[in-house]
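Let's take a friendly walk through this model, starting with its confidence and then moving to two residues and their surroundings.

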Amino acid sequence: PLLLHCFSDRFRGEISYSQEEMDFTDLDVSETFSSLDFDAIWSFTDYPLRPYLLAGLGLTTYHDTEQYLEDDEGNLNGVSVQLGAGAIWEVVPQFELDAGLKIRGIGWQELESSYGGSDLQISTGLTQFSVTGRVFF
């Protein structure tokens with residue numbers, strides 16, 4: 001996360017930036033998209049091991065998509081909704097481990113295809129599992 005703000009031991013807001021690379025094996029192509037996410041995390045306990053739920057919104061950019069878009073727009077933009085669950089383990093007061101599952105749904109901007117001239121409305125669904133270490137200063 002770029003910024004982590006704790007409102008209390010049980011509730012925190014988090015701003016994070018991530019970049020994902022997708023490989024399409026049938027086409028031998030690799031594509032990249034990035035997201036700026038704003039998440040709220042609610043944990044159930046104050047103990048060193050804290051299960052949590054996550055909900056959030058994000059701004060997502062699919063890079064270098066000009067071959068799919070009319071007028072060589074370059075990037076495709078979208079809005080994402082995130083839901084997740086996991087557990088945070090406070091190893092020491094300045095360090096914690098986080099293991100979680102996040103489901104992300106992305107609704108991309110409406111676009112006009114360069115192949116057929118019709119408007120397209122597309123969406124992407126992702127499931128991500130992550131293990132993260134956080135150091136607090």
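Among the elements of the protein chain, mean pLDDT is lowest in strand E1 (residues 3-6), at 58, and highest in E4, at 93. Do keep in mind that this is a predicted model. Across the protein chain the average pLDDT is 80, and 72% of the residues score at least 70.

Strand E4 covers residues 49-62 and holds Tyr52, a good place to look next. Is Tyr52 buried or exposed? Tyr52 counts as buried because its relative accessibility is 6%, which is under 20%.

What surrounds Tyr52? Leaving aside residues up to four places away in sequence, Tyr52 touches Ile41, Trp42, Ser43 and Phe44, then Gly84, Ala85, Gly86, Ala87 and Ile88, and also Asp98, Ala99 and Gly100. Two of these partners deserve a closer look. Ile41 lies 11 residues from Tyr52 along the chain, with 6.5 Å between their C-alpha atoms. With Asp98, the side chain of Tyr52 makes a polar contact of 2.8 Å.

Now for Leu36, which sits in strand E3 (residues 29-43). Leu36 also belongs to a nonpolar surface patch of about 450 Å², together with Tyr17, Phe38, Leu59 and Val79.

Here are the two residues side by side:

| Residue | Strand | Relative accessibility | Class |
|---|---|---|---|
| Tyr52 | E4 (residues 49-62) | 6% | buried |
| Leu36 | E3 (residues 29-43) | 30% | partly exposed |

Leu36 counts as partly exposed because its relative accessibility is 30%.

Notes
Residues numbered from 1 in each chain as written. Heavy atoms only, no water. Helix = DSSP H or I, 4+ residues; strand = E, 2+ residues; numbered from the N terminus. Buried < 20%, exposed > 50% of the residue type's maximum accessible area, 1.4 Å probe, protein only. Contact = heavy atoms within 4.5 Å. Polar contact = N/O pair within 3.5 Å; in protein donor to acceptor, adjacent residues only side chain to side chain. Patch = residues over 30% accessible without salt bridge, like charges linked within 9 Å, V, L, I, M, F, W, Y side chains within 5 Å. Areas by Shrake-Rupley, 256 points an atom, 1.4 Å probe, with all protein chains shown as cover. Salt bridge = Lys/Arg side-chain N within 4 Å of Asp/Glu carboxyl O. pLDDT = per-residue confidence, 0-100.
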